[in-house]
Amino acid sequence: MKVPVSHTLDCTVETFWKNIFFDRAYNEALFLGEMGFPAYELVEIKESPERVERKVRVTPPQKGPDIVRKLVKGTMAYEEIGTWTASDGVYRFRTITSVMAEKIKIGGVIRVEPSGDKKIVRRAEMEIEVKVMLVGGSIEKFLAEEIRSNYDVGAAFTNRWIAEKGL
């Protein structure tokens with residue numbers, strides 16, 4: 001299932017990548033504060049002028065339809081492993097879930113483009129595939145709704161963060 005999301009943010013492309021997307025304080029405030037995730041950890045980051053490689057470990061709120069909760073025993077967490085390249089300005093990532101990793105595949109790209117004075121459009125295009133007989137489609141639909149909702153919350157928070165920090 002393809003999951004495209006798009007939001008207008010009140011900053012420049014450079015500010016987005018350098019002062020927001022890879023900023024530890026921003027991400028902790030977004031995930032732990034605004035979205036109420038029980039855990040967010042920057043596991044690794046490697047930065048050079050040509051690329052940024054990042055690995056984060058995240059535990060989202062444990063919610064979902066009954067079918068998901070019955071399939072998932074214990075706490076569901078995930079690692080996002082991604083690389084941003086300067087040559088095309090694209091962040092490519094894949095997500096590895098802590099449970100059913102062989103059955104759940106999530107990956108995608110994030111691009112930003114200028115859209116006027118100190119405005120950008122952030123476009124995220126994700127692909128979700130859940131290989132669980134009879135219920136895979138339902139789980140994909142739930143995950144897609146969660147992703148869209150989180151990106152919506154993130155966009156509103158990001159614009160507040162930009163205004164508060166004077167970015």
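**Group meeting: a residue-level view of a predicted model**

Let me begin with one residue. Leaving out residues up to four places away in sequence, Y91 touches W17, F21, F22, R54, E80, I81, G82, T83, W84, G108, V109 and I110. The model I am presenting is a predicted one. Y91 is found in strand 5. Its relative accessible area is 0%, and Y91 is therefore buried, the limit being under 20%. Y91 also belongs to the largest nonpolar core, where Y91 is among the residues that touch the most other members. For a sense of distance, consider E129, which stands 38 residues from Y91 along the chain; the two C-alpha atoms are separated by 20 Å.

One of the contacts of Y91 is R54, and I should like to turn to that arginine now. R54 lies in strand 3, which covers residues 51–59. Is R54 buried or exposed? With a relative accessible area of 6%, R54 is buried. Setting aside neighbours within four places in sequence, R54 is in contact with F21, F22, N27, Y40, L42, E44, I45, E80, I81, G82 and Y91. That list includes the acidic residues E44 and E80, and E80 also appears among the contacts of Y91. The C-alpha atom of R54 is separated by 9.1 Å from that of F93, which is 39 residues away along the chain.

Let me now step back to the fold as a whole. The protein chain contains 4 helices and 7 strands. Read from the N terminus, their order is β-α-α-β-β-α-β-β-β-β-α. Along the principal axes, the C-alpha trace spans about 50 × 30 × 30 Å. What radius of gyration does the protein chain have? The value is 16 Å, and a compact globule of 167 residues would have one near 15 Å, so the two agree. Of those 167 residues, 45% count as buried. As for contacts between residues at least 6 apart in sequence, 51% join residues at least 24 apart.

A few words on the surface and on charge. The protein chain exposes about 9,100 Å², of which carbon and sulfur atoms supply 52%. There are 26 positive and 25 negative side chains, and the centres of these two sets lie 4 Å apart.

I return to the interior. The largest nonpolar core has 46 residues, and those touching the most other members are F16, W17, Y91, I110, M126, I128 and L143. Which element gives the most to this core? Helix 4, residues 136–165, does so, with 10 residues. L143 falls within the residue range of that helix. Apart from its neighbours within four places in sequence, L143 is in contact with I104, I106, I128 and V130. Of these, I128 is itself listed with L143 among the residues that touch the most other core members.

Further along helix 4 we find A155. A155 counts as buried because its relative accessibility is 5%, and the limit is under 20%. Residues up to four places away in sequence aside, A155 touches H7, L9 and R122. L9 is 146 residues from A155 along the chain, yet their C-alpha atoms are separated by 6.9 Å.

Strand 5 deserves a second visit. Besides Y91, this strand, residues 90–97, holds T95. T95 counts as buried, at 11% relative accessibility. Excluding residues up to four places away in sequence, T95 touches Y78, E79, E80 and I106. E80 is thus a contact of T95 as well as of R54 and Y91. I106, in turn, is also a contact of L143.

Finally, I wish to draw attention to two backbone positions. As background, most residues other than glycine have a negative phi. M100 is not a glycine, but its phi is positive, at about 55°. This methionine is found in the loop between strand 5 and strand 6, the latter being residues 104–114. L134 likewise is not a glycine and has a positive phi, of about 75°. Its place is in the loop between strand 7, residues 120–130, and helix 4. How do the two stand with respect to burial, buried or exposed? M100 is buried, with a relative accessible area of 19%, the limit being under 20%. L134, by contrast, counts as exposed, at 84% relative accessibility.

Notes:
Residues numbered from 1 in each chain as written. Predicted model: local features only at pLDDT ≥ 70, side-chain atom pairs only at ≥ 80, totals over all residues. Heavy atoms only, no water. Helix = DSSP H or I, 4+ residues; strand = E, 2+ residues; numbered from the N terminus. Rg over C-alpha atoms; globule rule 2.2 N^0.38 Å. Buried < 20%, exposed > 50% of the residue type's maximum accessible area, 1.4 Å probe, protein only. Contact = heavy atoms within 4.5 Å. Areas by Shrake-Rupley, 256 points an atom, 1.4 Å probe, with all protein chains shown as cover. Lys, Arg positive; Asp, Glu negative; His and termini not counted. Charge placed at Lys NZ, Arg CZ, Asp CG, Glu CD. Core = buried A, V, L, I, M, F, W, Y, C linked by side-chain atoms within 4.5 Å.
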